[in-house]
Amino acid sequence: MNTVYTNIGHTSTGHTGTGAVNNAPVLRVENLSLGYTRHHTDGRTSKVAVLRDVSLQIHKGEVIGLVGESGCGKSTLALALLGFLRGGGEVLGGKVRYGKTSLFDLPDADLAALRGGDIALIPQNAGQSLTPTMKLGAQLAEALKLHSDLPQGQYRARAIELLTLVRLPSPEQLLERYPHQLSGGQQQRVAIAMALAGEPDVLLLDEPTTGLDVTTQAHILELLRELRQRLGTTMVFVSHDLGVIARISDRIAVMYAGELIELGSCAEILRSPAHPYTRGLLAAIPRLASGMLPAALPGYPPAVGARHQGCAFAARCSHVSPDCQERTPDQTALGTRQVRCNLPAPQLRQPLQLEGVPVPEVTVGEPLLSLDQVAVSYQQQSLWQKLRGQPESTATVDGIELSLKRGETLALVGESGSGKSTIMRSICGINPPRRGHIQLDDQPLNLPVEKRDAVLKRRVQMIFQNPDASLNPRHTIAEILAQPLKLYFGLTGAACRAKAAELLAQVRLGEHYLDRLPAQLSGGEKQRVAIARTFAGEPDLILCDEVTSALDVSVQAAVLQLLKQLQAERGVAYLFIAHDLAVVQAIADRVAVLYQGRLCEEGETRDLFAAPWHPYTETLLDAVLQPDPDHNPKLHSDDAAESQPPAQGCPFQNRCPRKLGSQCDNELPDWQQIRGKRLRCHIPARQLIGLQRV
Amino acid sequence: MLKLILNRLVLAVLTLVAVCTLVFSVTEALPGDVCTAFLGRNAQGVRLENCRADRELHKPAIERFADWGYGVVSQGDLGRSLKRNKSINKLVGNRMRNTLVLATTAALIGIPLAIFLGVLAALRRDKATDVGISTGSIFAMTLPEFVSATLLIYIFAIQLKWFPAVTTVRHNAPLEDLLPNIVLPVAVLALVMTAHILRMVRSSMIDVMASDFVQMARLKGVPYWQIVFRHALPSAMLPAVNIIALTIAWLLGGVVIIEQVFNYPGIGTLMISAIYDRDLPLVQAIALVLAAIYVGVNLLADLTSLALNPRLRTARG
């Protein structure tokens, strides 16, 4: 590793990782306003601001975290640091300076030399940001050719060094590969290596871990922390996830509606946020250890570029005064930090209290859904394969035994590819099981959806991840809600509309929404409509597939509360999928942990999260990041992605940190029942409990 | 990869067999035959009998088809023309050359031109260049080729007298005698081809230029033209390749009309007279040759897609 280090031009300035930074600002954002010109139908034009009056100094060697919800302008700001405007964008005022040069005044050629050389970007979705038709070696060589003084003959050696630096296995072979042949985590590492090719002064990271599994995310963050220690690179880290930001930043800049509303040290902002929005945001984040539902921020963030008078947050602020509607607050110093709020200083200095909302009592009733030895496979054997007697391929999901009672919430957790969605798809009949039985009460659910009768269809409903895709954009809300009402209850006309209004009222939306189109609603409102549609059929079982992952944190909390309240009123059962384990903690009664389509552990949420015994559950939970400056994730196993479950033995054998030996390779462990939980591991449960305490 | 190509080849052979069978049965099912067409009003009595006997038309259709098929497979012999009483291989040979000269020249001009114009229009989207290219292409597409052919003949042959209006050389003339005659037909074919392909290239290039990896390349400081040609174009060509294959298939049909308009001694004119004469083996032979080219072009398009798209070529790691 040492040889690699010496090749990177920068030396660490000796900081400890928290705030000991050199004072000279590398990048300076001075009263920057960005926007675009809106052309009105009557021929008038007006300027719409996406970023308003942002001032920020980024010092050498520091990591600054830019946080905020979608549409707050954080990515726009990050790209502006490269002198880049998205299509149609323009500078409405202010400057970005790198050293002495003003980026938006530079000619294109100079800007191109700077991009990837002095300032490099690590994109959000590496899978889509790497050119699909070029080999990785060629892409790395291109970056080296553009931004290093190396002779052509040394590109290959240097590329291998860079790939080693980001801890990718067998870098020589990777050079010959195409992006799609890598897993998401590996792609992200390649993108990091590529950004490092030009030995940049500043690294811009635009949501670099969003969309990755928790374990992969934790590994990538560890890598970035390590690079930062070794190379002393200045970083601007953009994320909507305060847990990620907490792990890596020295300072945090909070954005809202295109404005920088609070700026201060990481610990200060996370422990005692000053701005009411920052407080609300922190309170809305579900936390692993809380045992409560997070408190929701009322309202929705304004649309991108929406005009407002006074404070941008006034409409949602609990401390709002008439003054806030009139006067736009300035960025003022509060001790070591900067806050944009009209409230007097003492009120801003109050300590943060995280008041969760107690989970409503739900009476758990009779057993409703049961899965018995269910196996699902996407590949069907062709007739030819059957005739030749070829063995069936290993099933995607196998040996699933689960049960769910009325009024209960069961969450399925696991990394991507763990079979969560596959199980859900087989329950709702899109992809019926290859083996085993699914039953709703005593009715078989093995049938594909086309063969189910209306009553059975009505009883099992689904809420999808993305309401933009699941609501027909050309139907009004009334039409959307009328479909299940007509289909299942034969309602039409005024009766149907009245019922639709009633459904909307249940999801806390007014009757006036009935004649709107989905495009006229915000993300949170759309998901409420989707929930209302689901409840229109008066189902017994609702399948929730990542229902809050497309929503902003402040809106997510309200949707979680709504789901829980509706469950208390209606006694429905939820089968819940979420990649965010803190969300699962807030909503689920029981949790089943899946790896590669096989169950690892199952139990009450509280017990399971307090003491994850199965090595996989432990790996998963310890990788979770929290918006707490003192929280450190633990990494137990590497993040190597597996494309297929092993044909025999324990499914987790290849990554298990506690692997025993050949027994794990060859024998599938039996269930062990202990203290209300069950788990599948060759290590005796009592011994696992002992290992946990160490 | 090899398996895929083999798979396609087997499929191609099956397609050709099906095409021949279909053409044979359709022509056979129609009333009349080469002798009624040839003898016209005299097609009756002994003359008709003799004519049919000479050409072995009394044999059952199945047998004739089998004989013909056996000849094709065993010796590459496409049979004898019933009307002209000559070897079809000889009849088709030169005319095939002439048609290929026409079609290949049109493709070699049309395809690169279409890619160039399509990329240009995409990069200058909504500007004067794009509007000009797009409008022109719609115009070229909507104009039937015999109309544009007539237009070109009027301007370049009759008014300006630069090129001959119709071809007067024989089918076995040497290539250099043929050359001045192909300019106008090639222009008509290339025009329509270019229009179709460039529209596809334009729209897929616009999509690709808006993709994440192109934005990333820009933010990596890659020079503009390098982004266009190295990062964007290979991906943009993917959907275009299939359109190019379809357009070449159209070319084979278009050639028949164009040859007729320009009286060009190619396979198209031969086919039209063969149909007119009810010269069954000749029709069949030409159908077979055209179908073979069609299948070949599509195979080539699939292979090009494979070459352009590593996702199809390599397994996930």
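**Group meeting talk: two chains and their contacts**

Okay, let's start with one residue, B:R202. Leaving aside residues up to four places away in sequence, B:R202 touches B:G118, B:A121, B:A122, B:R125, B:D130 and B:S134. Keep in mind throughout that this is a predicted model. So where does B:R202 sit in chain B? It's in helix α8, which covers residues 175-209. And one of those neighbours, B:D130, has a side chain joined to that of B:R202 by a polar contact of 2.8 Å.

Now let's step back and look at how chain B is laid out. There are two domains here: domain 1 covers 2-75, and domain 2 covers 88-313. Taken over C-alpha atoms, the centres of these two domains of chain B are 31 Å apart. How many residues of each domain are in contact with the other? On the domain 1 side of chain B you get 23, and on the domain 2 side 17. Together, the two domains of chain B bury about 1600 Å², with 77% of that on carbon and sulfur atoms. If you want residues to click on, try B:R8, B:L16 and B:W68: within domain 1 they lose the most area to domain 2 of chain B, together 30% of what that side buries.

B:R8 comes up again when we turn to charges. Between domain 1 and domain 2 of chain B the count is 1 salt bridge. Its partners are B:D302 and B:R8, and the closest N and O atoms are 1.8 Å apart. As for polar contacts across this domain interface in chain B, the rule finds 1 residue pair, both at pLDDT 80 or more.

Which elements build the domain 1 side? In chain B, α1 (2-29), α2 (34-39) and α4 (61-75) each supply at least two residues of the side that touches domain 2. The largest share comes from α1(B), with 13 residues. Sorted by class, that domain 1 side of chain B has 16 nonpolar, 3 polar and 4 charged residues.

Right, over to chain A. Chain A has 27 helices and 24 strands. Its radius of gyration is 27 Å, close to the 26 Å that the globule rule gives for 694 residues, so chain A is as compact as a globular protein of that length. Along its principal axes, the C-alpha trace of chain A spans about 75 × 65 × 50 Å.

Last stop: the place where the two chains meet. Chain A brings 27 residues to the contact and chain B brings 23. Between them, chain A and chain B bury about 2300 Å², and 57% of it is on carbon and sulfur atoms. Which three residues supply more of chain A's buried area than any other three? They are A:T133, A:E142 and A:H180, supplying 25% of the area that chain A buries against chain B.

Hang on to A:E142 for a second. There are 2 salt bridges between chain A and chain B. A:E142 forms a salt bridge with B:K220, where the closest N and O atoms are 3.5 Å apart. Between the chains you also have 6 residue pairs in polar contact, both residues at pLDDT 80 or more. On the side of chain A that touches chain B, the elements giving two or more residues are α4 (126-129) and α5 (136-147) of chain A. The largest share, 6 residues, comes from α5(A). By class, this side of chain A has 15 nonpolar, 9 polar and 3 charged residues.

That's the tour, thanks for listening!

Conventions
Residues numbered from 1 in each chain as written. Chains lettered and ligands numbered in written order. Predicted model: local features only at pLDDT ≥ 70, side-chain atom pairs only at ≥ 80, totals over all residues. Heavy atoms only, no water. Contact = heavy atoms within 4.5 Å. Buried area = accessible area lost by both parts, 1.4 Å probe. Salt bridge = Lys/Arg side-chain N within 4 Å of Asp/Glu carboxyl O. Polar contact = N/O pair within 3.5 Å; in protein donor to acceptor, adjacent residues only side chain to side chain. Helix = DSSP H or I, 4+ residues; strand = E, 2+ residues; numbered from the N terminus. Nonpolar A, V, L, I, M, F, W, Y, C, P; charged D, E, K, R; others polar. Domains from an automatic or database assignment. Rg over C-alpha atoms; globule rule 2.2 N^0.38 Å.
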